[in-house]
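Q: How should one read the features of a model such as this, going from a single element out to the whole chain?

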Amino acid sequence: MYQVIGTARSRAMRVFWMLEELEQEYEILEAGPRSEAIQKVNPSGKVPALIVDGKAIFDSVAIMQFLADRHNGLTYPCGSLERAEQDSFMHFANDEMDAVLWVATKHTFYYPEALRVPGIRASAEWDFARAMATLEARLGDNEFVMGDKITVPDLLISHCAGWALGAKFELPKGKLGDYFKRLRARPAMKRALAKASAHTQG
Ligand SMILES: N[C@@H](CCC(=O)N[C@@H](CS)C(=O)NCC(=O)O)C(=O)O
């Protein structure tokens, strides 16, 4: 059985969701960033980590793609043109959404106060709005970013959109708003949330 180190309020949520989509069993080892449990397996102290066959894999995106490849779900095969496009959406989400939100988060409460630059928030909102315009154009009338088939970047994008909402960034309405709602309504997402929350409550 897979083990995931992390919490629902971290990027580990992406991994729980992916495991639910793939209908894989997993155990949550609840531990936060910089905790002793994560530092034992990941020198950076960042969550999540996936423990598989005694080996720890880090980085939520690497973990999600590994699981998709291993269980042949939510992905196109390596070397296909579709996979190249799918990967480009992964990089888009990481560069234009995750990185922007992470900078804003660090300057809001994560860094020691002396290092926080409040003005960063305005530039992050500007970058995020541009990312939303790009995504809207790339999504078009599709159900998912790759068309009819849900793939790994949909989960990543949706997780970032939830993060943005929590951080009070403006999220578009219309087709993109519907796309976000569609993803968050997925039964696998709800199962992941219920399992992670039940875990947190003990
Ligand atoms: N690219 C990594 C980022 C991991 C990351 O930054 N995780 C946060 C929690 S969501 C963390 O552990 N931060 C601790 C730190 O930066 O010190 C991933 O996607 O897993």
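A: Let us begin with how elements are named, since a later remark depends on it: helices (H or I, at least four residues) and strands (E, at least two) are DSSP runs, numbered from the N terminus. The model is a predicted one, and just after H1 Glu-23 takes a positive phi of about 55 degrees.

Q: How many helices and strands are there in the protein, and in what order do the elements run?

A: The protein has 8 helices and 4 strands, and from the N terminus on its elements run β-α-β-α-β-β-α-α-α-α-α-α. The radius of gyration is 17 Å, close to the 17 Å that the globule rule gives for 202 residues, so the protein is as compact as a globular protein of that length. Along the principal axes, the C-alpha atoms fill a box of roughly 45 × 40 × 30 Å.

Q: Which residues of H1 are buried, and what covers them?

A: A residue counts as buried if 20 or more other C-beta atoms lie within 10 Å of its own. In helix H1 (residues 12–21), 10 of the 10 residues are buried, so the helix is largely enclosed by the rest of the structure. The buried residues of H1 include Arg-14, Glu-20 and Glu-21 as well as Phe-16, Trp-17 and Leu-19. What covers them includes the strands S1 (2–5), S2 (26–29) and S3 (49–52), together with the helices H3 (60–71), H6 (152–166) and H8 (187–200). For the protein overall, buried residues make up 33% of the 202 residues.

Q: How does one read the two domains, and what lies on the side of domain 1 that touches domain 2?

A: The size of an interface is often given as the accessible area lost when the parts come together; here the description rests on contacts between residues. The domain assignment gives domain 1 (2–74 + 188–200) and domain 2 (81–186), with 20 Å separating their centres, taken over C-alpha atoms. In domain 1, 11 residues are in contact with 11 residues of domain 2. H1, H3 and H8 are the elements that give two or more residues to the side of domain 1 that touches domain 2, and by class that side has 9 nonpolar, 1 polar and 1 charged residues.

Q: Which residues are around the ligand, and what are their classes?

A: The residues around the ligand include Ser-10, Arg-11, Arg-34, Lys-46, Asp-59 and Ser-60. By class, the shell has 4 nonpolar, 3 polar and 4 charged residues, with Pro-33, Val-47, Pro-48 and Val-61 also among the residues around the ligand.

How values were computed: Residues numbered from 1 in each chain as written. Predicted model: local features only at pLDDT ≥ 70, side-chain atom pairs only at ≥ 80, totals over all residues. Buried ≥ 20, exposed ≤ 12 C-beta atoms within 10 Å, placed from the backbone. Contact = placed C-beta atoms within 7 Å. Near = placed C-beta within 6 Å. Nonpolar A, V, L, I, M, F, W, Y, C, P; charged D, E, K, R; others polar. Domains from an automatic or database assignment. Rg over C-alpha atoms; globule rule 2.2 N^0.38 Å.
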